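Here is a friendly walk through one protein model, meant to be read with the structure open beside you. We begin with the fold and then move to a few places worth a look.

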Amino acid sequence: MFLGEQLEDVLEQLISTGSATHSIKSGTLDTGVRTLPDLAKDATDRNRTSPFAFTGNKFEFRMVGSRDSVAGPNVVLNTIVAEAFSEACDVLENAEDFDKALHDLIKEYATRHQRIVFNGNGYSGEWVKEAERRGLPNLRSMVEAIPALTTKKSIAMFEKFKVFTRAELKSRAEIKFENYAKAINIEARTMIDMASKQFVPAVVKYTKVLADTVIAVKEAGADASVQQDMLKEVSELLKEMKDALEKLKDAENQAVAMEEGEEQARFYHFSVMPAMEALRSPVDKLEMIVDKEAWPMPSYGDLIFEV
């Protein structure tokens, strides 16, 4: 059990019995090295925007999606930690003066890896710019991250600790590329089907309703400018949706014709997904304009407030 869990149990008992007299305050982190200065330790979770946050007495990993298994990331993290401990032990176990060696090692690590420390908002663009300035990688997608599995450095680490062989890492990377491509393929085809059979026909029918309304209002001798503006806006978005739909179909057909692997996965990410975003944009706008009764499926508002 983590020390944090034990503290939570104690705090719960104190609060429930009414015997709590104070809150946790900040203090200092004891490194065990007397010649190093004291390091301030915050009482709160200061780096909650970090994907791998150190929260005072433990690390918290916060990057795994709700439907994904934590096993894979844990294998990688545990191997990385094992390598770090191994390197430190190699130095300290062979040191003539343990305290001096520990002092020098902590100083070396703190200096060498200072560039990864960031105490600002990790969700903001501020860190992206700062990380680029520091020369840190910024992998924006799964497709761009997968190749990290098969770098010389990664292969050497996993083989050193007999976790994965070169062949096992390469096969895992290949499977990840294929799974990514298949997932985007399903999403793109679903999007094409929905747009072709539901959204386009629904908006076409709605434009007829608007056109009939414009004619009726004009024949009645009233001002039909509002209806005309709506008809023009909906018609323009309908054309934008139809054009985007055709481009998505072309991109999807190109992707399907490619050989499975990294190249196909990258094409899905850098070509098919932007085409999907381009199709979604006019559909989202039309959802806010088209009559609720004419829209073929529940809107975001329906899902949030009426389901």
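## Overall layout

Read from the start of the sequence to its end, the elements follow the pattern α-β-β-β-β-α-α-α-α-α-α-α-α-α. That makes ten helices and four strands. Please keep in mind that this is a predicted model.

The protein has 307 residues, and 26% of them count as buried. Its exposed area comes to about 21,400 Å², with carbon and sulfur atoms supplying 56% of that. As for how the chain meets itself, take the contacts with a separation of 6 or more: 54% of them are between residues 24 or more positions apart.

## Where helices H7 and H8 meet

Helix H7 covers residues 166-219, and Thr 207 is found there. Is Thr 207 buried or exposed? Its relative accessible area is 13%, and because the cut-off for buried is under 20%, Thr 207 counts as buried. Leaving aside residues up to four places away in sequence, Thr 207 touches Leu 231, Val 234, Ser 235 and Leu 238.

One of those partners, Ser 235, lies in helix H8, which spans residues 225-257. Unlike the buried Thr 207, Ser 235 is partly exposed, with a relative accessible area of 32%. Ser 235 can also be paired with Val 203: the two are 32 residues apart in sequence, and their C-alpha atoms are 8.4 Å apart in space.

## Salt bridges

Side chains of opposite charge can pair when their charged atoms come close. How many salt bridges does a search of the whole structure find? The search finds twelve, and three of the pairs are described here.

In helix H3 (residues 98-112), Asp 104 and Lys 100 are four residues apart, so about one helical turn separates them. Their side chains meet in a salt bridge, at 3.0 Å from N to O. Asp 104 is partly exposed at 32% relative accessible area, while Lys 100 counts as exposed at 52%.

Helix H7 holds another such pair, Lys 208 and Asp 212, again four residues apart, or about one turn of the helix. Here too the side chains meet in a salt bridge, with an N to O distance of 3.0 Å. Lys 208 counts as exposed, at 52% relative accessibility, and Asp 212 is partly exposed, at 38%. Lys 208 follows Thr 207, which is also found in H7.

The third pair is Glu 130 and Arg 134, whose side chains meet in a salt bridge at 2.8 Å, N to O. This pair belongs to a network of salt bridges that links Glu 130, Arg 133 and Arg 134. Arg 134 is partly exposed, with a relative accessible area of 22%.

## Patches on the surface

Which residues gather in a patch of negative charge on the surface? They are Glu 174, Glu 259, Glu 260, Glu 262 and Glu 263. Among them, Glu 260 has its place in the loop between helix H8 and helix H9 (262-287). Its relative accessible area is 46%, so Glu 260 counts as partly exposed.

A nonpolar surface patch is made by Phe 52, Phe 59, Phe 61 and Val 70, and its area is about 350 Å². Within this group, Phe 61 is found in strand S4, residues 59-61. At 32% relative accessibility Phe 61 is partly exposed. Because a residue needs over 30% relative accessible area to be part of a patch, that value lets Phe 61 qualify.

## A backbone detail in a loop

Lys 162 makes a good last stop for anyone who looks at torsion angles. Its phi is positive, about 55°, although Lys 162 is not a glycine. Lys 162 lies in the loop between helix H6 (152-160) and H7. Its relative accessible area is 75%, so Lys 162 counts as exposed.

Definitions and conventions. Residues are numbered from 1 along each chain as its sequence is written. This is a predicted model: local features need pLDDT of at least 70, side-chain atom pairs count only at pLDDT 80 or more; totals for chains, interfaces and linings use all residues. Side-chain values use heavy atoms; hydrogens and water are left out. Patches are made of residues with over 30% relative accessible area and no salt bridge: like charges are joined within 9 Å, nonpolar side chains (Val, Leu, Ile, Met, Phe, Trp, Tyr) within 5 Å. Accessible areas come from the Shrake-Rupley method with a 1.4 Å probe; for residues, only the protein chains shown count as cover. A salt bridge is a side-chain nitrogen of Lys or Arg within 4 Å of a carboxyl oxygen of Asp or Glu. Lys and Arg count as positive and Asp and Glu as negative; His and the chain ends are not counted. The place of a charge is taken as NZ of Lys, CZ of Arg, CG of Asp or CD of Glu. Helices (H or I, at least four residues) and strands (E, at least two) are DSSP runs, numbered from the N terminus. Buried means under 20% relative accessible area, exposed over 50%, partly exposed in between (1.4 Å probe, protein chains only). Contact means heavy atoms within 4.5 Å.
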